[in-house]
Amino acid sequence: MKMYGKESSEYIYGLSGSDEVTDGLCRLLFERGAAFVGFSDISRVRENHGYKACVTVGFRLFDGIMRDIKKGPTFEYFHHYRTVNYALDQMTLAGATYLNRSGFDSLAIPASQSSDSDPFRGAFSHKTGARLSGAGFIGKNALFISRDFGSKVRLASILTAKDFDFSGELCAENCGGCTVCTKACPAGAIYGVNYTEGADVKDMVDVAKCSAHMKSAYKDIGRGAVCGICIGVCPRNGL
Ligand code: SF4
Ligand code: SF4
């Protein structure tokens, strides 16, 4: 991990070295609001769409929003969620355009868009790219936990044919004995197991229970598509 620029909230993960195009990409993403950028080798990831590298873009969710969702979603959280997804999509669109113009075939993966065949999956798992960059780990809530920002992040990805000088260092941390999100989940959907390599979200969370609870309890907020309790209560957020 190395720091980039002057702001202490801007981090780069997953690189041992850089080059002009990589520096330009990071500058572009940080100028547009990214809190961190992670680089990972995805040549062995099943859903890599034929690309060898993933550039993960992380946005730090606002503390003032996250503090208020420990007992349930708010209208402000739903708005923040959608606005941040849009901002991330703008960042990855600009980043992929920059890489394409630099001669590297690249694709922006939407921050939040599930596939027709599985409502719990997108075209590429942002969490996988982020974890492989060493930016953090998968929590017991099956969500990405940033080593520096906790669970208060949202992610998007750029897949690219560009090669990078990958460090390949993973984050060695996990949730340990913490049970906070397991106890806080109103649906009892979190099994409370630490992530192990290759585990699927369905091995960690009863996604049907989670979805059913959101639809029944919060249909007036975010059309039943957001909850956020297991994000808001995470002690790694420092709130
Ligand atoms: S989003 Fe809500 S219902 Fe779903 S696992 Fe997290 S706390 Fe439970
Ligand atoms: S609340 Fe605890 S168990 Fe859940 S994701 Fe955060 S650190 Fe892990």
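The shell around ligand 2 divides into 8 nonpolar, 3 polar and 2 charged residues. In total, 13 residues surround ligand 2 in this predicted model. The closest of them are Gly 139, Cys 175, Cys 178, Cys 181 and Cys 234.

Let me set ligand 1 beside it. The shell around ligand 1 holds 10 nonpolar and 2 polar residues, with no charged residues. Among its members are Cys 185, Cys 210, Cys 227 and Cys 230. Asn 141 and His 213 also belong to this shell, as do Pro 186, Ala 187, Ala 189, Ile 190, Val 205 and Ile 229. Two elements give two or more residues each to the shell around ligand 1, namely helix 7, residues 207-217, and helix 8, residues 229-232.

One residue of that shell merits a closer look, and it is Cys 210. Cys 210 has its place in helix 7. Is Cys 210 buried or exposed? Cys 210 is buried, because 22 other C-beta atoms lie within 10 Å. Apart from residues up to four places away in sequence, Cys 210 touches Ala 187, Ala 189 and Val 205. Those three residues are also listed in the shell around ligand 1. By way of distance, the C-alpha atoms of Cys 210 and Gly 136 are separated by 23 Å, with their positions 74 residues apart along the chain.

I turn now to the overall form. The protein has 8 helices and 8 strands. What radius of gyration would a compact globule of 239 residues have? The expected value is near 18 Å, and the protein has 17 Å, so the two agree. Along the principal axes, the C-alpha trace spans about 50 × 40 × 35 Å. Of the 239 residues, 41% count as buried. If we take contacts between residues at least 6 apart in sequence, 70% of them join residues at least 24 apart.

Next, strand 8, which covers residues 153-160. Strand 8 is mostly covered, with 8 of its 8 residues buried. Val 153, Leu 155, Ser 157 and Leu 159 point one way from the strand, while Arg 154, Ala 156, Ile 158 and Thr 160 point the other way. Which strands pair with strand 8? Strand 4, residues 53-60, pairs with strand 8 in the antiparallel sense over 8 bridges. In that pairing, Arg 60 stands opposite Val 153. Strand 5, residues 106-109, also pairs with strand 8 in the antiparallel sense, over 4 bridges. There, Leu 107 stands opposite Leu 159.

Strands 4, 5 and 8 return when we consider helix 3. The 27 residues of helix 3, 75-101, should span 39 Å at 1.5 Å a residue, and the end C-alpha atoms are 39 Å apart, so the expectation is met. The buried residues of helix 3 include Tyr 77, His 80, Tyr 81, Val 84 and Leu 88. Further along, Met 91, Thr 92, Gly 95, Ala 96 and Leu 99 are buried too. A general point helps in reading that list. An α-helix has 3.6 residues a turn, so residues three or four places apart point the same way. The buried residues of helix 3 pack against helix 1, residues 20-31, and helix 2, residues 63-66, as well as strands 4, 5 and 8. Just after helix 3, Gly 103 takes a positive phi of about 100°.

Two residues other than glycine also have positive phi. His 49 has a phi of about 55°, and Ala 142 has one of about 65°. His 49 lies in the loop between strand 3, residues 36-41, and strand 4. Ala 142 lies in the loop between strand 6, residues 136-138, and strand 7, residues 144-146. How do their surroundings compare? His 49 counts as exposed because it has 11 C-beta neighbours inside 10 Å. Ala 142 is buried, because 24 other C-beta atoms lie within 10 Å.

I close with Leu 170, found in the loop between strand 8 and helix 5, residues 180-184. Leu 170 has 17 C-beta neighbours inside 10 Å and therefore counts as partly exposed; the cut-offs are 20 or more for buried and 12 or fewer for exposed. Leaving aside neighbours within four places in sequence, Leu 170 is in contact with Arg 131 and Gly 134. The C-alpha atoms of Leu 170 and Phe 137 are separated by 8.3 Å, although the two residues are 33 apart along the chain.

Note on methods: Residues are numbered from 1 along each chain as its sequence is written. Chains are lettered from A and ligands numbered from 1 in the order in which they are written. This is a predicted model: local features need pLDDT of at least 70, side-chain atom pairs count only at pLDDT 80 or more; totals for chains, interfaces and linings use all residues. A residue is near a molecule or strand if its C-beta atom, placed from the backbone, lies within 6 Å of it. Ala, Val, Leu, Ile, Met, Phe, Trp, Tyr, Cys and Pro count as nonpolar, Asp, Glu, Lys and Arg as charged, and the others, Gly among them, as polar. Two residues are in contact if their C-beta atoms, placed from the backbone, lie within 7 Å. Two strands pair if DSSP finds at least two bridges between them. The radius of gyration is taken over C-alpha atoms; the globule rule is 2.2 Å times the number of residues to the power 0.38. The expected span of a helix is 1.5 Å times one less than its number of residues.
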